[in-house]
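Work through the exercises below with the sequence and the model side by side. Each task is followed by a solution in steps.

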Amino acid sequence: MANSGKSAAVSHVGKIRANNQDSGYAGQYLFVVADGMGGHAGGDVASAIAVKRISEIDRLYTSPHDAEFALQSALIAANSMLAETVFEHNELTGMGTTVSGILRVGDHVAVAHIGDSRIYRLRNSKLEQITADHTFVQRLVDSGRITPEEAAVHPRRSVLMRVLGDVDASPEIDTAVIETKPGDRWLICSDGLSSYVSDEKIQTVLTTVPRALDAADRLIKESLDQGAPDNVTVVLVDVDDTDDSSHLPPITVGSAATPLSFDSDSARRALRLPTLLLHPLKATQPDPSHFEPESDEYLDELIEEDHRRAIRRRVTWLVGIALIVIAVVIAVILGYQWTQTHYYVGESNGKVAIFRGVQQNLGPIHLSSVYQTTAIDVSKLDAFTQKTVQASLSAVDLAQAEDIVDRLADAAKQ
Ligand code: CA
């Protein structure tokens, strides 16, 4: 769906999730993406409450800094609403949401951001990520503990350090004022896009698809092509030389576009209803929460856990290699012992001799040695027998080897 040629908002549940916990808004000056999570299927409620509350500030501001202040205040107000909702509905405990939004004022945009949704600006065909993810792995990258490549496959990559929710009364929200100009294309997306579609691919789509809605649809399709394990939401804005970015009514997508199973007005009334009634309305599987509160102790704990995991991996490797080495050594010893139960008769320094082992050599290792040299001269044997002895005569055991020697002694006498 789109509200004009200049902006677009599209949200898709993806291929795995049962419900869409993302919400998106493309208005006249304001553009927002929120990605909800956690609690008893509260993610859709969280992102919807946040986007609905923040969309109330969609108007023209007199300065970019006024817009920045309004945007930040709206996020804080949304945070309070989430806390109140959880207070009234215990089953929603732990719900939270990311929010990334821009509010345009002429040739500037005010930016507010918390969580791991992203804001990008495409300018002169170059894509630039404006926001930094508030994730545990981004912390590790920033502090030089892991590389961005390691972060992309880290088992804790979805752990968020900051969100709006019922956890923190004064959430740490990143805000900024950034200049913009006609020709800029702004993208706001949930991690359902950025975790599965590369920046290079996003840049190519934004550069080559002119119409905002077409480009948004293409980005959703790119994520679906990657399997879309998560909900995916894309809000696109093309900046031109007019003040606002839309002439048509604002558009809301994702869970904010569908009626909530309750809203904050009816929440008080819902309190009088048996709590059980709320559950059938939310026929969704609770997602494992991937929000973790920000605290130094917690961060230390996660880093410690990461170290332990690395050590465990190394130990597992070493034990594996040691077991293989031990197995090979045992096989060699058993193999060698087996060869030493065998005998054969051959020639040693011109005499007939009994050898223990097998004739084959294992590389530089000889698997046989002279067991007993006899007094029989090989040259005393007839030509055919000489050749047979030189080629060796195998025996199943020592007794059979001795029989062969006896027969050769008789032959030598003739
Ligand atoms: Ca997500």
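The exercises cover a metal site, aromatic pairs, nonpolar cores and backbone angles.

This is a predicted model, in which local features need pLDDT of at least 70 and side-chain atom pairs count only at pLDDT 80 or more, while totals for chains, interfaces and linings use all residues. Residues are numbered from 1 along each chain as its sequence is written, and side-chain values use heavy atoms, with hydrogens and water left out.

**Exercise 1. Find the residues that coordinate the calcium ion and place them along the chain.**

Step 1. Donors are N, O and S atoms within 2.8 Å of the metal (3.2 Å for Na, K and Ca); water is not among the atoms, so sites may look incomplete.
Step 2. The calcium ion is held by OD atoms of Asp35, Asp191 and Asp230, at 2.2 to 2.3 Å.
Step 3. Along the chain these donors have the spacing D-x155-D-x38-D. Asp191 is in helix H5 (residues 191–194) and Asp230 in the loop between helix H7 (212–225) and strand S12 (232–238), so that pair links distant parts of the chain, 39 residues apart. Helices (H or I, at least four residues) and strands (E, at least two) are DSSP runs, numbered from the N terminus.
Step 4. Buried means under 20% relative accessible area, exposed over 50%, and partly exposed in between (1.4 Å probe, protein chains only). Asp191 is buried because its relative accessibility is 9%; Asp230, at 8%, is buried too.

**Exercise 2. Search the whole structure for aromatic pairs and classify them.**

Step 1. Rings of Phe, Tyr and Trp (its six-membered ring) pair if their centres lie within 6.5 Å; planes under 30 degrees apart count as stacked, over 60 as edge-to-face and the rest as tilted. The search finds two pairs.
Step 2. Tyr343 and Tyr371 are edge-to-face, because their ring centres are 5.5 Å apart and their planes lie at 75 degrees. Tyr343 belongs to strand S14 (residues 343–348) and Tyr371 to strand S16 (residues 365–377), 28 residues apart. Tyr343 is buried at 12%, whereas Tyr371 is partly exposed at 39%.
Step 3. Tyr344 and Phe355 are stacked, at 4.9 Å centre to centre and 0 degrees between the planes. Tyr344 lies in S14 and Phe355 in strand S15 (residues 351–362), so this pair ties together parts 11 residues apart in sequence. Tyr344 is buried at 8%, and Phe355 is buried at 11%.

**Exercise 3. Describe the largest nonpolar core and the elements that build it.**

Step 1. A nonpolar core is a set of buried Ala, Val, Leu, Ile, Met, Phe, Trp, Tyr and Cys residues joined through side-chain atoms within 4.5 Å.
Step 2. The largest core has 34 residues, and Ile54, Leu71, Leu75, Val99 and Leu103 have the most contacts inside it.
Step 3. Two or more residues each come from strand S4 (30–37), helix H1 (43–55), helix H2 (64–88), strand S5 (96–105) and strand S6 (108–114). H2 gives the largest share, eight residues.
Step 4. Contact means heavy atoms within 4.5 Å. Beyond its neighbours within four places in sequence, Ile54 is in contact with Leu30, Val32, Leu71, Ala74, Leu75, Ala78 and Val99.

**Exercise 4. Where do Ser125 and Ser392 lie?**

Step 1. Most residues other than glycine have a negative phi.
Step 2. Ser125 has a positive phi, near 65 degrees, and lies in the loop between strand S7 (118–123) and strand S8 (126–129). Ser125 is partly exposed at 37%.
Step 3. Ser392 has a positive phi near 80 degrees and is in the loop between helix H11 (383–391) and strand S17 (393–395). Ser392 is buried, at 17%.
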